[in-house]
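Visitor: I have a model open on my screen and I'd like to learn how to read it. Could you walk me through a few features?

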Amino acid sequence: MTASYLYASARTPFGRFGGAYAGVRPDDLAATALRGALAKAPDLDPAAVGDVAWGCANQAGEDNRNVGRMAVLLAGLPTSVPATTINRLCGSSLDAAMQASRTIETGDADVVVAGGVESMTRAPWVLPKPERAFPAGHAQMVSTTLGWRLVNEQMPAEWTVSLGEANEQLQERFAISRERQDEFAARSHRLAAQAWADGSYDELVVGVDGVELARDESIRDGSTAEKLAGLTPSFRSDGTITAGNASPLNDGASALLLGSEAAAERIGLAPIARIAGRGAHALDPQEFGFAPVEAANTALARAGIGWGDVAAVELNEAFAVQSLACLDAWSQQGAVDPEIVNAWGGAIAIGHPLGASGGRVLGTLAARLRASGERWGVAAICIGVGQGLAVVLENVAGPERR
C-alpha cells in the first residue's frame, strides 16, 4: 500500500448563526472551499481528481441529494469528477479525509479532495410525512439546526438528552469547574484573535463571493473569564455550561487536497503532511464529548508513536467541559502540555459548522506543524450520539522539520 499525503487546504471564514452567510446556500459555500483548495495547485488538471469525499451533517435542506456532487458541479470541475457525501455528524469532514486517505492508500485514486460544509442558519424546519392522507390532527414542525429530531421512541431516554445536558453530566463525572471552563473559553478567543492578527490564517482562508467577512465571525475580542462568569447557565439553572463556554452555531466550509507521493508532480506541489494514523471510537451516546480520548489513542498507536512525540494538537471545542475532560485524560497518559492544544484558537471562538469542522482542524494542524517545523500532530473531534475521530499527521514539509 502507498502512503497518503495532504497537499493543500482551504476554508471559508466561519460565519455566525444568522450572520454574514445567512443569504448563502450551503452548496455554494462548499463550492467556494473546493475551488479554494484546488487554486493552491494551479498546475493540477481538475480532471485528474479521482474522487471527492464531502462531509455534511444535516442534509435536510439545500445541502440535500449529495451536496459533495453539487459542490463539484458548482465549482466548475469536469462532470467526470465523481463525489460522495459522508455523514458522521460533527466528524463528517474528518471522516471524509480519512476515507479519502484510504482511497489513496489502496490505489483506487491518486488525487482526492475531501471537505465538508454546514449552514446551520439555513437548516430547515421539517414536518413528518403523514402516514395517511388528510390527517385531522396537528403536526409539529421540527428544527434541523442541531441535535436530536424525530426521535425513535425505542431509544432509551438517557441516550437522547440534549448535547448540553450530556456535557453537564460529563462535568459532574469529572468535577470540571465553571471557572476552568470559562478560562478555557477566554483562551480560545484570545488565541484565535491573535492568530488572525499574526496572519496565521491568511493562507488557509478563502473569501466567499458577495460577502464581506474577513475573519471568523464568532470571535469576541477582549473576552475574559471574568466577563464569561457573568453569563447564565444554558441547560440547568445550577449548571456550568453557558453560551460563552460552548461552541456557537455557525456556517462555513472546508476542503483538503490529498494525494499519493507519486501524485506530487501532477499536483505541482510538495506534500505538507503524511496521514500517519487514524482512529475511531464509540461509547454511550450521552458520553460523546469524551470519545476523542480513545480515538486519538488509537490513531497514535497506529502511527507508532506516543503522546510524548506530539508537538501540536487540534481538538474541536464543542464544549469547554468536554475539551478539558479529554485534555485531562491525555495528560494522565502522557503529560500533554495544554499550550500545544489549539494554539491558534478553537471552535468556541472560531465556530463549529458541523460538517466543516473536521477539515478545519486537520488543515490548521498541518499549517501549525509546517510553521513550527515540528514533526507530529493530532487532530481530534467529538461527535454527537457517542463517537469520536482522530488523525495523526507527520510533517513532511521540508528540511526545516525538527
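Guide: Happy to. Let's begin with how helix axes are drawn: an axis is a line fitted to C-alpha atoms, for helices over the stretch in contact, and angles run from 0 to 180 degrees between N-to-C directions. Keep in mind that this is a predicted model.

Visitor: Okay, at what angle do the axes of helix 3 and helix 11 cross?

Guide: Roughly 60°, and the axes of helix 3 (residues 92-105) and helix 11 (residues 357-372) come within 5 Å. On the helix 3 side you'll find S93, L94 and A97, and they meet S357, G358, G359 and L362 of helix 11. Sorted by class, that contact of helix 3 with helix 11 has three nonpolar, four polar and no charged residues.

Visitor: How do helix 4 and helix 9 pack?

Guide: Helix 4 (residues 163-174) and helix 9 (residues 320-334) have axes 9 Å apart, at an angle of about 40°. That angle makes helix 4 oblique to helix 9. Their crossing is left-handed. To find the contact, click on N167, L170, Q171 and F174 in helix 4, then on V321, Q322 and A325 in helix 9. The contact of helix 4 with helix 9 counts four nonpolar, three polar and no charged residues.

Visitor: Which residues make the contact between helix 8 and helix 9?

Guide: Geometry before residues: helix 8 (residues 292-303) and helix 9 pack at about 40°, with their axes 9 Å apart. The two are therefore oblique to each other. Helix 8 brings P292, V293, E294, A296 and N297, while helix 9 brings C326, A329, W330 and Q333. By class, the contact of helix 8 with helix 9 has six nonpolar, two polar and one charged residues.

Visitor: Let's go down to single residues. Is V321 buried or exposed?

Guide: The cut-off to use is that buried means under 20% relative accessible area and exposed means over 50%. V321, which sits in helix 9, has a relative accessible area of 0%, so V321 is buried. Leaving out residues up to four places away in sequence, V321 touches N167, Q171, I176, Q181 and I241. You met N167 and Q171 a moment ago, in the helix 4 side of the contact with helix 9.

Visitor: How far apart are V321 and V361 in space?

Guide: They are 19 Å apart, C-alpha to C-alpha, with their positions 40 residues apart in sequence. Try the same reading on G137 and T85: 52 residues apart in sequence, and 36 Å apart in space, again C-alpha to C-alpha. G137 is in the loop between strand 6 (125-126) and strand 7 (142-143). With a relative accessible area of 57%, G137 is exposed.

Visitor: Back to helix 11. Why does T364 count as buried?

Guide: Because its relative accessibility is 1%, and buried means under 20%. T364 lies in helix 11. Setting aside residues up to four places away in sequence, T364 touches Y201, L204, E314 and W344. Look at the side chain as well: one of its polar atoms lies 2.8 Å from the backbone oxygen of R360.

Visitor: And which residues is R368 in contact with?

Guide: R368 is in helix 11 too, and at 8% relative accessibility it counts as buried. Not counting neighbours within four places in sequence, R368 is in contact with A311, A312, V313, E314, I340, V341, N342, A343 and W344. E314 and W344 are also touched by T364.

Visitor: One last thing, backbone angles. What is the phi of F134?

Guide: The general idea is that most residues other than glycine have a negative phi. F134 has a positive phi, about 50°, although it is not a glycine. F134 is found in the loop between strand 6 and strand 7, and F134 is exposed, with a relative accessible area of 78%.

Visitor: Where is A175, and what is the case there?

Guide: A175 is in the loop between helix 4 and helix 5 (178-198). A175 has a positive phi of about 50° although it is not a glycine. With a relative accessible area of 63%, A175 is exposed.

Definitions and conventions
Residues numbered from 1 in each chain as written. Predicted model: local features only at pLDDT ≥ 70, side-chain atom pairs only at ≥ 80, totals over all residues. Heavy atoms only, no water. Helix = DSSP H or I, 4+ residues; strand = E, 2+ residues; numbered from the N terminus. Parallel < 35°, antiparallel > 145°, perpendicular 65-115°, else oblique. Left-handed = near helix turned anticlockwise from the far one by under 90°. Contact = heavy atoms within 4.5 Å. Nonpolar A, V, L, I, M, F, W, Y, C, P; charged D, E, K, R; others polar. Buried < 20%, exposed > 50% of the residue type's maximum accessible area, 1.4 Å probe, protein only. Polar contact = N/O pair within 3.5 Å; in protein donor to acceptor, adjacent residues only side chain to side chain.
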